[in-house]
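Hi,

As promised, I am passing this structure on to you, with some notes to read alongside it. Have a look at it first, then read on.

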Protein chains: 2
Amino acid sequence: MHAVPSFPSRRSAPARSGGLSRASIVDVAARAGVSVATVSRALRDMPNVSPATRDRVLAAAEELDYTVSPLASGLVTGRINAIGVVLPYAGRWFFAEALRGIEEVLRGQGYDLILHVLADDDRRAQFFQTLPLRRRVDGVIIVALPLDSREIGALRSLGVPLTGVAEPLTGVHGERVDNVGAARLAVQHLINLGHRRIGCIGGDLNGPERFSVPGWRTQGYREALTLAGIEPRSGWERDGRFTADGGELAMTALLSQPGGAPTAVFCQSDEMAFGALRALRHSGLRCPDDVSIVGLDDHELAHTFDLTTVAQPVAAQGAAAARWLLHQLAGASTEGPEPVGADVNFHEVRLVLRRTTGRPPA
Amino acid sequence: MHAVPSFPSRRSAPARSGGLSRASIVDVAARAGVSVATVSRALRDMPNVSPATRDRVLAAAEELDYTVSPLASGLVTGRINAIGVVLPYAGRWFFAEALRGIEEVLRGQGYDLILHVLADDDRRAQFFQTLPLRRRVDGVIIVALPLDSREIGALRSLGVPLTGVAEPLTGVHGERVDNVGAARLAVQHLINLGHRRIGCIGGDLNGPERFSVPGWRTQGYREALTLAGIEPRSGWERDGRFTADGGELAMTALLSQPGGAPTAVFCQSDEMAFGALRALRHSGLRCPDDVSIVGLDDHELAHTFDLTTVAQPVAAQGAAAARWLLHQLAGASTEGPEPVGADVNFHEVRLVLRRTTGRPPA
DNA sequence: GTTCGCCCTGCAAGCGCTTGTCAGCACCCC
DNA sequence: GGGGTGCTGACAAGCGCTTGCAGGGCGAAC
């Protein structure tokens, strides 16, 4: 009848500091005077329970402060109501922002968000070897992490739907922006202002992470230049490692470029643009009077530092990925097992004019 | 014998897209030619299994690509190997950074991190009403969230250890910095430079969130002033809402203060300092020539914007909280149920000199 | 008045794992 | 050589829940 006598044999039972909220479904059943099966049905609003019974059960559950154990119900239903989110970094704006969008959607649908940060190679290797997400999640969202086919295969072996944000994953649904177009938009803006000497600070195209984003953005940069009849100069493309410090270094290098410095620079991320701004300041150069800077992201502090940039909706990309996943999950139970496929959803970008771009110096 | 025949009655079984990694412990037992009990013991390195048997079991598990179901094992052990993390915001630097520290420690010990963001009042109320963490975590970390006693009580009713980061929680272990001392350190620095007219941009002491941090930092500000024989002026204490935009507004107000503007301002967070810097720039004032600014945090971009600030170790506070929790969990199984108690661990802060502070104008 | 059918509810199996208890067995010492 | 001693491993009872199946009760239709 009572909860405690129901497991008298547990000696080294887990710490139950409070000893509270330990009512089980049998307690509720007893209190409501029905069977556990009926309690289970009543609690989940299943059709074959009379209103009167349902009320009694609900009241009993309320009085006992009862909640269904997700473990027990997950064990039998096979669903665990959690989504895994995998990121390469935490603490950086982009990832925190994407996470925010994901969390909001998941929470709204009662799903838990289980976070995995693959901060370094060790963590990453270990993650794909041990697959700690296995049997723990109903779906996985990969944020800005390029995966090789072996890694994608490992994730697939989890047998749950997958989706990617920002970085394309072969054969996997994705939410991202048109990076080529976004870069072109930024560079086109500089060209429109009259600039012809335009540099670019991006990421290492051949780095160990194999991010594809810098490749596209560089492509967009070159396309915009070519379209305007400007010959791209390889010396004006610099690696800023997508960090502020990297951006600063790259900008400094650009400024001491033999043959003259550019009058405007497209930074493939706002954080690199912030670094570039610092380099300018420390060189005694003014922005935009001497050099114009345009970023890409619309970082939360871009406005604060008056950075002109191409805004991308980061939280929205995360949210869309989460929604897609939930949709798959909902569909899986009713329809056939094979989901939509590896389509991509592109999100809009837009130019945000602020004060770091202007006409080139005379 | 085989897994599939063992649940022939499941019609609407959960979507098993891959059909992979579905071996259960009985399959492993069969393959190794032992009982499931032995498999369970062998897999967890329990003492009463002979090396030969253990090897056979391990090999079988390996061949079958078997992993223990956390659901099933959690159901019987009562431990679920997950920690809940509750934050008021995601996407902001402080929280992302704290999360990073927490995640690292948790992951290292094989714990899952389940994230909850209480972005608005609705979410918050709902969180404490439904307590979605219930039965889902072995412990909870509250990051920078002031809780009233009712809310703390609700959390306690989970029956798992609790700890707080940054904000003090009555009766709960905490990891934080000495906010009074940190503020004093910042203001003392301004005083040492010769400033006597020092403003302060902080948070609303009576806001709905009831953060206690701004209260302490304001206290530290006043103490430092008083110690130097300077009378605090209430008109020079402004609310910057702990955002860059708020900081900008507050700084603008400070600059048009009747009776003259301060020559230096202590901003209780770096993000507000960034806003203050913007206000200065837009007013045509130079920093530090006209006005000095000191922040508090050492935000990842503080260096990029040459902000002098008092650094606090954010990730380390999160990591320490996670470690404390894990320690409680480890202790709980061996020792008595009552943990250490509501002690507080203070982390060191330090002044980081950069370029936004200097001697007052002549 | 009987029969049929429907609605509600209970029974019990089982999800995949842990663990107390106990049987079996080899080995050792006296 | 017999009884102990110590291990190893099997058995089975759950953990808390969901769900197929069956049964009971009652109104409607014949």
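A backbone N or O atom of Ile25(A) sits 2.4 Å from a phosphate oxygen of DNA strand D. That is a polar contact (a pair of N or O atoms within 3.5 Å). In chain B, a polar backbone atom of Ser35(B) is 2.6 Å from a phosphate oxygen of the strand, and a side-chain N or O atom of Thr38(B) is 2.8 Å from a phosphate oxygen.

Please keep in mind that this is a predicted model, in which local features need pLDDT of at least 70 and side-chain atom pairs pLDDT 80 or more, while totals for chains, interfaces and linings use all residues. Residues are numbered from 1 along each chain as its sequence is written, chains are lettered from A and ligands numbered from 1 in the order written, and side-chain values use heavy atoms, without hydrogens and water.

How many residues surround DNA strand D? There are 32, and the closest include Ile25(A), Tyr66(A) and Thr53(B); a residue counts as near if one of its heavy atoms lies within 4 Å. Of the strand's atoms that come within 4 Å of the protein, 72% belong to sugar and phosphate.

Helix α4(A) gives the largest share of this surface, 5 residues; helices are DSSP runs (H or I, at least four residues), numbered from the N terminus. Val76(A) is found in that helix, α4 of chain A. Val76(A) counts as exposed because its relative accessibility is 51%, and exposed means over 50% (1.4 Å probe, protein chains only).

Enjoy exploring!

Note on methods:
Polar contact = N/O pair within 3.5 Å; in protein donor to acceptor, adjacent residues only side chain to side chain. Helix = DSSP H or I, 4+ residues; strand = E, 2+ residues; numbered from the N terminus. Buried < 20%, exposed > 50% of the residue type's maximum accessible area, 1.4 Å probe, protein only.
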